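Dear colleague,

Please find the structure below. I would be grateful if you would read the notes with it open.

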Amino acid sequence: MAFDDRGKVWMNGALVAWKEATVHVAAHALHYGTGIFEGIRAYKTRNGSAIYRLPEHMRRLFDSCRVYRMEPPWSVDEITAAVIATVQANGYPSCYIRPLVYRGVEQLGLDPRPCPLEATIIVWEWSAMFGAEGLEQGIDVGVSSWTRLAPNTLPAMAKASANYANSALIKMQASLDGYGEAIALDESGLVSEGSGQNLFLVRDEVIYTPAISSSILQGITRDSVIVMARDLGYEVRETPIPREFLYLADEAFFCGTAVEVTPVRSIDRIAVGSGRRGPVTAALQERFFGIITGDVPDTHGWLTPVPAAVSR
Ligand code: PPE
């Protein structure tokens, strides 16, 4: 993952040079995590560049703002158009898109409402998070000793910057322990999710994923997986999952915008099933990657074309 500092950034209504897109150190969000963001991908399909599930990401951005009493001075349509314009202006056929709405500079009392709402959109090239090898072989993960956000503390359904301090603790520990990622448990000890991705488990051809009551972000890729799995004829259960189920699953995989659909081959050094990507995971990957490349028809209307994207 590398930024290209020759690119353009959308900032408060206009495209500016990457190097000019700066924020003052007195910004409320820098001190208190009072930002809301999204992570979206644009893919190079056989029919040109397209953004994956853009309306759903825009809806979640505004839903998250609502929880934090933020009323962005731009409409959903304006931010949507800004996302498309930013992708176009930078000319990447495929890229990762990061819209951010945050509290700017006014005062540093804990009530953020006096601080103006600002918004930015940056894009960069970010290929498969765990590489082609991770997508094929799967990754090794451990259960974190850090717990996910407890109910009624930081609202997990809101994709707020503050939540990611918890994710950073989970991710650092995983990495220092020699794992690619971690699975965190919720406040009651049930399976929640990874540092920045949702988890699915398969046993006897039934697919399981933690319910939204387990402190998860309600992932858009998670929704895609549920829809694709049902299209393929699998039963999917959104349900509380006890930790030990992790060690008894035939298959496990993570999903999210950054990780896409990535198999998990071991948990706490216990092999998941045969220790290889399983058939259900492979079938879902084939569907997912087929849709984003344009090889499988986009029957659910998940792709928003980016008009006249310049390739470079
Ligand atoms: N849970 C969390 C905590 C989360 O941050 C994400 C996205 C997901 C689930 C999956 O949601 P969705 O992208 O809508 O399918 N995490 C973003 C940032 C990850 C990172 O490593 O940075 C992402 O995947 O873009």
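The notes that follow concern the ligand and its surroundings.

This is a predicted model, in which local features need pLDDT of at least 70 and side-chain atom pairs count only at pLDDT 80 or more, while totals for chains, interfaces and linings use all residues. Residues are numbered from 1 along each chain as its sequence is written, and side-chain values use heavy atoms, without hydrogens and water.

The shell around the ligand holds 20 residues, of which Y96, Y164, E193, T221 and T257 come nearest (a residue is near if one of its heavy atoms lies within 4 Å). By type, the shell comprises 7 nonpolar, 9 polar and 4 charged residues, with Gly counted as polar and Tyr as nonpolar. Domain 1 (8-124) and domain 2 (131-293) each contribute at least three residues to this shell; the domain bounds come from an automatic or database assignment.

Three side chains have an N or O atom close to the ligand: E193 lies 2.5 Å from a ligand nitrogen, T221 lies 2.5 Å from a ligand oxygen, and R60 lies 2.8 Å from a ligand oxygen.

Yours sincerely

Terms used. Polar contact = N/O pair within 3.5 Å; in protein donor to acceptor, adjacent residues only side chain to side chain.
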